[in-house]
Amino acid sequence: MSSPRRRRPALPLTLSAAALLVPLATACSSSDGSGDSADGQRLRVVMAFPPAQAMSPYGDDAVTLSRLAVIEGLTTLDRNGDARPALATSWKRDNDRTWTFTLRDAAFQDGEKVGAADVARSLRAAEEASPKPRVLSDTRLDVTTPDARTVRISTRTPDPLLPQRLANPSLTILSEGAYKGGRVNPAGHATGPFTLTKVNGALSATLQRNDSYWGDKAKAPGVDVKFVADGTARANALRTKTVDVAEYVPISQASLLGDGLVHEFPSARTNGLSLNTRHGVFADPAMRAAAREAIDSAALVKGVYEGRADTAKGLLGPGVPWAAAERTAPTGRAKAAGRAEVAKTKQIVLATYTNRPELPEVATVVQQQLTARGFTVKQVVRDYAQLEADALAGKYDAFIQARNTLLDTADPVSYLASDFTCDGSFNISQLCDERVDAAVDKAAGLADTTARHRAETAAEAGILGTDALVPLLHERFVQGYDDSRVHGVSLDPMERTLITADTRVG
């Protein structure tokens, strides 16, 4: 299993939203090249999650880099989750385990040409990274270079999703200069429309247009980024026009901002209650079943999300459009313990994080629902950086998280593998069930899309049958920008893109 990712602490949440706007405005107007250009076209962006690993591509920072259009892989994904050319112009499947990719004529941001050796180096570095990226938790890549423009990639087992897998931000291609001093530094060594030129810890970052980009050049000369965990502060920055784009506007602020500033769209994100199947109260399947029966999804959608979410249907929500038609009922569920039996158990610890502002409210309602069932509940609510390592180590009885089910390969099989199998790298519920492992393995090996989808929903049914995770609701994304003056923002259900080469002010 991969080691847990670590985040640096975000700005103190005890500060008022108004106080946070002062450093936000200052960072976006500094004199080191990160301020507005003469034509006023630099983008000012506030994001919810600070860098966790100094912008290493092997954790969640890779998604941040992708959302800021800094990095690229061999492939990219279209709206349907199908692989499309990026640094590779074409590919073909040689046999069930081997694919050949042809590279385009492109240059890194440091001026070096992209070649097969660079691709091999980057993919091997991802394989050897610690922690290993989640996208590689269920496979291994062996890379050879028949010539300077061709890369041959083999997998340990048949992998029909390899082209989609290679679009994952953690499998970005970087130049040789990125791999120095025992760490990976993408600043100036990637290929995207924007070059990362400066990172100010967990506070801010500066991007400049990559004028040597192989595709359409960025319409904005640069991007000034501020990381602010406080959702109200992000919304206020948008309201006061301190920023042009605000990532993840809190639901509580959406109606205050109005339709011209908030843009809501379906997502592949499911909010769930992970129950510790290995230790404590929820090691008993009957107690997990009791917790599941206690949850009222509709009350969460109405009370916390003001109707801007969908009630839980399973692990895979509306952002996975084929799931509803293929879904089958959960199998093998235990009989729920009664209230009197539940009341005899020891106190459980329910944890969640502040970076998504609705989650503490969700935790409060879930605590009330569990208490009504007889559980005694203690809450732990902190910045995500302070929780994840303990969550992955199984130190909480229950953990509420918002999880994108398509993030790794645009197909849920990688999510099912990383979150619910014995060797999964993000298995917060500590689930280890050989039937679940077998079902996920079966889905992963199927090349036919329809057959794989059916196998994935069968695996979903098996996972739900264990009550290792109780689905709470399916989120809708709310991104903030003034659509009368800001254009080209990507509203991506898979969360991989936000700022693009086409994003601009005016």
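Let's start with K241, which counts as exposed because its relative accessibility is 54%, over the 50% cut-off. Keep in mind that this is a predicted model. K241 sits in the loop that links helix 5 (231-239) to strand 13 (245-246). Its backbone is worth a look: phi is positive, about 60°, although K241 is not a glycine. Most residues other than glycine have a negative phi.

Move along the chain past strand 13 and you come to Y248, in the loop between that strand and helix 6 (251-257). Here again phi is positive in a residue other than glycine, this time near 50°. What about its surroundings, buried or exposed? Y248 is buried: its relative accessible area is 11%, and the cut-off for that label is under 20%. So K241 counts as exposed, whereas Y248 is buried.

Now for a peptide bond. Most peptide bonds are trans. The one from S130 to P131, however, is cis, with omega near 5°. You'll find P131 in the loop between helix 3 (116-128) and strand 6 (141-147).

Finally, head over to helix 11, which covers residues 358-373, 16 in number. From its first C-alpha to its last it reaches 23 Å, close to the 22 Å expected at 1.5 Å a residue. Which of its residues are buried? The set runs from E358 and L359 through V362, A363, V365 and V366 to Q369, L370 and R373. Just after the helix comes G374, whose phi is positive too, near 115°.

Key: Residues are numbered from 1 along each chain as its sequence is written. This is a predicted model: local features need pLDDT of at least 70, side-chain atom pairs count only at pLDDT 80 or more; totals for chains, interfaces and linings use all residues. Side-chain values use heavy atoms; hydrogens and water are left out. Helices (H or I, at least four residues) and strands (E, at least two) are DSSP runs, numbered from the N terminus. The expected span of a helix is 1.5 Å times one less than its number of residues. Buried means under 20% relative accessible area, exposed over 50%, partly exposed in between (1.4 Å probe, protein chains only).
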